[in-house]
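Here is a short tour of the pockets and backbone details of one protein chain. Please keep the viewer open as you read.

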Amino acid sequence: ALGALKLDNYTFDKVIGLPDISVLVKFDQSYAYGEKEDEFKSLTKLAYSVPNFFIAEIPVQEYGDKENEDVAQRFKLTKSDFPAYLLFDAANKEGLKYTGDIKADALGAWLRKNKIKMPAVGTIAELDEVVKKFMKGGFKDTEIAEAKKLAEGDYKNDKKAAVYVKIKE
């Protein structure tokens, strides 16, 4: 998938061991296809702008040389688990397994819950909260300033962020 690092049993530990870097690793069969693979590709397109975060994939061969099977076994993953997603970061050195639906928006929400500044598929959850405060609080300028701060800071690479500010103004 475009935007995903392809890892193997030689490069896996090097990449997840990089300091101050978070990595979401997808374990899957060698030639993945179908709806779940399409969702993964959507996720990789959203993730390119997130600083200090990479999405990677490890293709596990079922036959022949059985490449990367040792890495999958290390995390107790079998073919029936594929695709399996594990998040590696400072808080999850051994990998935090994702257990939800294999949908780009659900994976993105899970990443945001785990402190990865992942853009939302259609909206930005943090700015949605500012909008709710803005609507309930009587359209105060402080909420506009808060939205500007987020749009120009954490979400400066997300085109949707500027729209929130323009609409509020």
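## The second largest pocket

In this predicted model, the lining of the second largest pocket is made up of six nonpolar, five polar and four charged residues. The volume of this pocket is about 250 Å³. It has 15 lining residues, and those closest to its centre are V60, Q61, E62, K79 and F82. Helix α3 provides the largest share of this lining, with three residues.

## The largest pocket

Now for the largest pocket, which holds about 330 Å³ of space. Its lining counts 17 residues, with K6, Q29, S30, Y31 and P59 lying nearest the centre. Two elements, β2 and β3 (53-60), give two or more residues each to this lining.

What is the split of the lining of the largest pocket into nonpolar, polar and charged residues? Six are nonpolar, four are polar and seven are charged.

## A cis bond before P83

F82, one of the residues closest to the centre of the second largest pocket, is also worth a look for its backbone. The peptide bond that runs from F82 to P83 is cis, and its omega is near -10 degrees. P83 itself sits in the loop that lies between α3 (69-74) and β4 (84-89).

## The β4–β5 hairpin

Moving along the chain, β4 pairs with strand β5 (residues 92-97) in the antiparallel sense, over three bridges. The two strands are joined by a hairpin, and the connection from β4 to β5 runs through two residues. To find the register in your viewer, look for L86, which stands opposite K97 in β5.

## Two positive phi angles

Two residues other than glycine deserve a check in a Ramachandran plot. For D20, phi is positive at about 60 degrees, although D20 is not a glycine. D20 is found in the loop between α1 (12-16) and β2 (22-29). Is D20 buried or exposed? With a relative accessible area of 71%, D20 is exposed, because that value lies over the 50% cut-off.

K115 also has a positive phi, near 70 degrees, and is a residue other than glycine. Where is K115 placed? The loop between α4 (104-113) and α5 (125-136) contains K115. The relative accessible area of K115 is 74%, so this residue is exposed.

Note on methods: Residues are numbered from 1 along each chain as its sequence is written. This is a predicted model: local features need pLDDT of at least 70, side-chain atom pairs count only at pLDDT 80 or more; totals for chains, interfaces and linings use all residues. Side-chain values use heavy atoms; hydrogens and water are left out. Helices (H or I, at least four residues) and strands (E, at least two) are DSSP runs, numbered from the N terminus. Buried means under 20% relative accessible area, exposed over 50%, partly exposed in between (1.4 Å probe, protein chains only). Two strands pair if DSSP finds at least two bridges between them. On a 1 Å grid over the protein atoms alone, a cavity is a set of points where a 1.4 Å probe fits but cannot get out, and a pocket is an open set with protein on both sides within 12 Å along at least five of seven lines; lining residues have an atom within 4 Å of a point. Grid points are joined across faces, edges and corners, and a volume is the space filled by probe spheres set on the points. Ala, Val, Leu, Ile, Met, Phe, Trp, Tyr, Cys and Pro count as nonpolar, Asp, Glu, Lys and Arg as charged, and the others, Gly among them, as polar.
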